[in-house]
Amino acid sequence: ARRPLGGAPSVAPRGRCRTTMPWIPGQPSLEDWENRFPSCDAVPTVRCEDLSPDAFRAEFMSKNLPVMITGITDDWRARREWVTKDGQPDVVAMSELFGDAKVLVVDCDEAIDTDLKRRELPFREFASWWQSSETRKRAAAGAAAREKLYVKDWNFVGDFPAYGAYDTPPHVRDDWLNDCGSNEDDKNENENDDARLRPGSFRFVYLGVEGTWTPMHVDVARSYSWSANVCGRKKWLMVPPSRVKYLRHRDGSGRLIPDVRAARIASARADFPDASLAAPLTVHQPPGALLFVPSCWAHQVHNETDCLSINHNWFNDCTFGVSSAYLRDESRTIRLGLPDRDDRADGVLCQRLLARKAGINQLHLGSIGVWGLRRVLDSTCASEANSEALKREKRHRARRLDNVFQPLRHLVHETHFFATRDVCEREFGKFKEGNEYSYRPCHPGVGSSLGLVVSAPRARSPTEETSRARKEADAFVESFDVDPWEEDADRLAEIVDVLRRAADDPVFGEESDEEAPEEPRADRQPP
């Protein structure tokens, strides 16, 4: 018997069902995910040799709980060449090696840390500032008097791909966000892909003097992150997902309080009245340690000493559904904010704005999801000689398919309503205007594999449209006048094909002896 996919109830009932909005009842929202995730009272510290990658996945990544792993950087080239004998960042050596590289620098004394406040400099200019007599003079006067410049989000691997500064630890190596399209087979296969379908790298170097910091935030697309100190010490203030709501601005915008330490100050309480209830965890990260930051955990970070670190944002099947829910909410917010109806109906424009705001968009996520799903499908099982190992591996593979299949199916429906309809038309014939189509179990092909229910909406008069708009402020989201995938219809077909392959996989529908983890509920009605 086939169990429910992704923990959500069946979203395509047998029989007739009209689904004209890109929202399938039963989808967990981002708030559902945040409320599902557990909390903890402290962040454990474990030596890397005492925690296997499989144990890390089972105990921390799958449960969305933080952990600090020590002894990670001992063999890194960056540790040998970028650090002085007394354990300080060796900016002189780094300047000699990478002086021409352009880096983004933020002044942490500025009130707001945004892209608009950052300036791009050659690294050697930043190194000159670091070594200047004025900087040393301020340092001697104390961290409070020292100008606080911070190199952030330096895409070092993109600038120097052959240098090999570090090896990604095996615990955090299952990285779909950065690995998608990175190997030679993927590059050859996708060499003609539109650049819109490939998000940028999220592998960064950070370098800052004592006192530099990053305000409270949640990571890009609700991804995981890991941060390893090559040298120096950091202090983290971390808020579990279920308490992030207390950090938000009272105006409903979703903005977080920049510095939770100011939560009890009157001026901060006026805008963030509940911030004092967030109760952040304090984590001190020593040199050589890696901190795993789970999905949806808000955090602000302070450099307690001059500090050099490697940071990755990343996700895989474990948090694919969370990223999908976040991007769905952000896409809807962007559409609601556009005053022009034609702009709201332009899927290409909305996806570009989403990428600008969130770092990636739903097209990127669809490409990553189908890449990851294919990788899981192509993975080999253990030798049949060891039946128990084979059963465990098959259950693990089935769970990974579950994690991706349902969110990816929803995403196809949400972002490509008419493109999906076109695919189904090729399978089953043309629609008649105003009529609905829903699959039957006996029908083979895309429709039955994906459980899609689509319809051709009846044309409405201007009077009907105006009346509908008054009743339903976001009525425009029921379709894209400009399909975001129209310039690459082949990619949609590829996604549908891989979803069909997943649905037909014999492992996918097998019952598991393991108790399934509690999934987020979706009790609220569609917007």
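Let's begin with two strands that run side by side: strand β1 (residues 45–47) and β2 pair in the parallel sense, and three bridges join them. One of the residues to look for is R47, whose bridge partner in β2 is T70. Before going further, keep in mind that this is a predicted model.

Stay with β2 a little longer. In a regular strand the side chains alternate between the two faces of the sheet. You can follow this along strand β2 (residues 67–70), where V67 and I69 point one way while M68 and T70 point the other way. Are these residues buried or exposed? All of them are buried.

Now step back and take in the whole protein. It contains 19 helices and 15 strands. The chain has 527 residues, and 54% of them count as buried. Contacts also link distant parts of the sequence: among those with a separation of 6 or more, 80% are between residues 24 or more positions apart.

A good place to see burial in a helix is α4 (residues 91–98), where V91, A93, M94, S95 and F98 are buried. What do these buried residues of α4 pack against? Their neighbours include helices α3 (77–81), α5 (123–131) and α7 (156–159). Strands take part as well, namely β5 (149–154), β6 (203–208) and β13 (307–314).

Next, find S227, which sits in strand β8 (residues 224–231). Why does S227 count as buried? Its relative accessibility is 2%, and the cut-off for buried is under 20%. Leaving aside residues up to four places away in sequence, S227 touches K234, W236, Q285, A289, L290, L291, S309, I310 and N311.

For a contrast in setting, turn to P273, found in the loop between α10 (266–271) and β10 (281–285). P273 is partly exposed because its relative accessible area is 38%. Try locating Y246 too: P273 and Y246 are 27 residues apart in sequence, and their C-alpha atoms are 8.0 Å apart in space.

Our last stop is helix α11, seen with two of its partners. Two packed helices are described by the angle between their axes and the distance between the axes. Take helix α15 to begin with: the axes of α11 (residues 320–337) and α15 (residues 387–415) come within 8 Å and cross at roughly 20 degrees. Angles under 35 degrees count as roughly parallel, so α11 is roughly parallel to α15. The crossing of α11 past α15 is left-handed. On the α11 side, the contact is made by F320, G321, S324 and R328, and on the α15 side by N403, V404, P407, L408, L411 and E414. These contact residues divide into five nonpolar, three polar and two charged.

The other partner is helix α14 (residues 362–378), which packs with α11 at an angle of about 160 degrees, the axes lying 10 Å apart. How are α11 and α14 oriented, roughly parallel or roughly antiparallel? Angles over 145 degrees count as roughly antiparallel, so α11 is roughly antiparallel to α14. Here, too, α11 makes a left-handed crossing as it passes α14. From α11 come F320, S323, S324, L327, R328 and S331, and from α14 come Q362, L365 and G369. The residues of this contact divide into three nonpolar, five polar and one charged. As you look at α11, notice that F320, S324 and R328 take part in the contact with α15 and also in the contact with α14.

Conventions. Residues numbered from 1 in each chain as written. Predicted model: local features only at pLDDT ≥ 70, side-chain atom pairs only at ≥ 80, totals over all residues. Heavy atoms only, no water. Axes fitted to C-alpha atoms, helices over the stretch in contact; angles between N-to-C directions. Helix = DSSP H or I, 4+ residues; strand = E, 2+ residues; numbered from the N terminus. Parallel < 35°, antiparallel > 145°, perpendicular 65-115°, else oblique. Left-handed = near helix turned anticlockwise from the far one by under 90°. Contact = heavy atoms within 4.5 Å. Nonpolar A, V, L, I, M, F, W, Y, C, P; charged D, E, K, R; others polar. Buried < 20%, exposed > 50% of the residue type's maximum accessible area, 1.4 Å probe, protein only. Pairing = 2+ DSSP bridges.
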